[in-house]
Amino acid sequence: MFEGAVSAVQGYAGMINTAFKSVLYGTTVGTDGVITYGTTYTDLAQFLFTIGGIALGVGAAWFFLRLLKRRGA
């Protein structure tokens, strides 16, 4: 029973890994049906990373400005 649960979790982890790889890197299907993943990020992934980076920067600046305001500096 334990081995079955471990196999199920590994199967779900592999499925999630494949889903993220296809979104981040894009997929190419060869003529023989083999799926390969790209080596660079897709445009969607680059856009999401950019938005995430801006949000982290704004959040960090807001945090430190509130910290300075609380100390009365």
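**Figure 1. Two helices and two strands make up the secondary structure of the protein chain.** This is a predicted model, and its elements follow the pattern α-β-β-α when read along the sequence. The radius of gyration is 21 Å, well over the 11 Å that the globule rule gives for 73 residues, so the protein chain is more spread out than a compact globule. Along the principal axes, the C-alpha trace spans about 65 × 40 × 10 Å. Just 3% of the 73 residues count as buried. The exposed area of the protein chain comes to about 6400 Å², with carbon and sulfur atoms supplying 69% of it.

**Figure 2. Helix 1 reaches 34 Å from its first C-alpha to its last.** Its 24 residues give a span close to the 34 Å expected at 1.5 Å a residue. Have a look at what comes next along the chain: Gly26 follows helix 1 and has a positive phi, near 75°. Phe20 also belongs in this view, since its place is in helix 1. With a relative accessible area of 53%, Phe20 is exposed, because the cut-off for that class is over 50%. For a sense of distance, the C-alpha atoms of Phe20 and Trp62 are separated by 31 Å, and the two residues are 42 apart along the chain.

**Figure 3. Helix 2 reaches 42 Å from its first C-alpha to its last.** This helix has 29 residues, and its reach is close to the 42 Å expected at 1.5 Å a residue. Gly72 sits just after helix 2 and takes a positive phi of about 80°. Leu44 is one of the residues in helix 2. Its relative accessibility of 47% places Leu44 in the partly exposed class.

**Figure 4. Tyr25, Tyr41 and Phe49 are linked into a cluster by ring pairs.** Searching the whole structure turns up 3 aromatic pairs. Here Tyr25 and Tyr41 form a stacked pair, with 5.3 Å from centre to centre and 15° between the planes. That pair links distant parts of the chain: Tyr25 belongs to helix 1 (residues 2–25), while Tyr41 lies in the loop between strand 2 (35–37) and helix 2 (43–71), 16 residues apart. Tyr41 also pairs with Phe49: their ring centres are 5.2 Å apart and their planes stand at 85°, so this pair is edge-to-face. The angle fits that class because planes over 60 degrees apart count as edge-to-face.

**Figure 5. How buried or exposed are the rings of the cluster? Start with Tyr25, which counts as partly exposed at 29% relative accessibility.** Tyr41 is likewise partly exposed, at 38%. Phe49, at 46% relative accessibility, counts as partly exposed too. These values fit the class because partly exposed covers the range between the buried cut-off, under 20%, and the exposed cut-off, over 50%.

**Figure 6. A nonpolar patch of about 660 Å² lies on the surface.** Its members are Val23, Leu44, Phe47, Leu48, Ile51, Ile54 and Val58. Which helix gives the most to the nonpolar patch? Helix 2 does, with 6 residues. You have already met one of the patch members, Leu44, in the view of helix 2.

How values were computed: Residues numbered from 1 in each chain as written. Predicted model: local features only at pLDDT ≥ 70, side-chain atom pairs only at ≥ 80, totals over all residues. Heavy atoms only, no water. Phe/Tyr/Trp six-rings, centres within 6.5 Å; stacked < 30°, edge-to-face > 60°. Helix = DSSP H or I, 4+ residues; strand = E, 2+ residues; numbered from the N terminus. Buried < 20%, exposed > 50% of the residue type's maximum accessible area, 1.4 Å probe, protein only. Expected span 1.5 Å × (residues − 1). Rg over C-alpha atoms; globule rule 2.2 N^0.38 Å. Areas by Shrake-Rupley, 256 points an atom, 1.4 Å probe, with all protein chains shown as cover. Patch = residues over 30% accessible without salt bridge, like charges linked within 9 Å, V, L, I, M, F, W, Y side chains within 5 Å. Salt bridge = Lys/Arg side-chain N within 4 Å of Asp/Glu carboxyl O.
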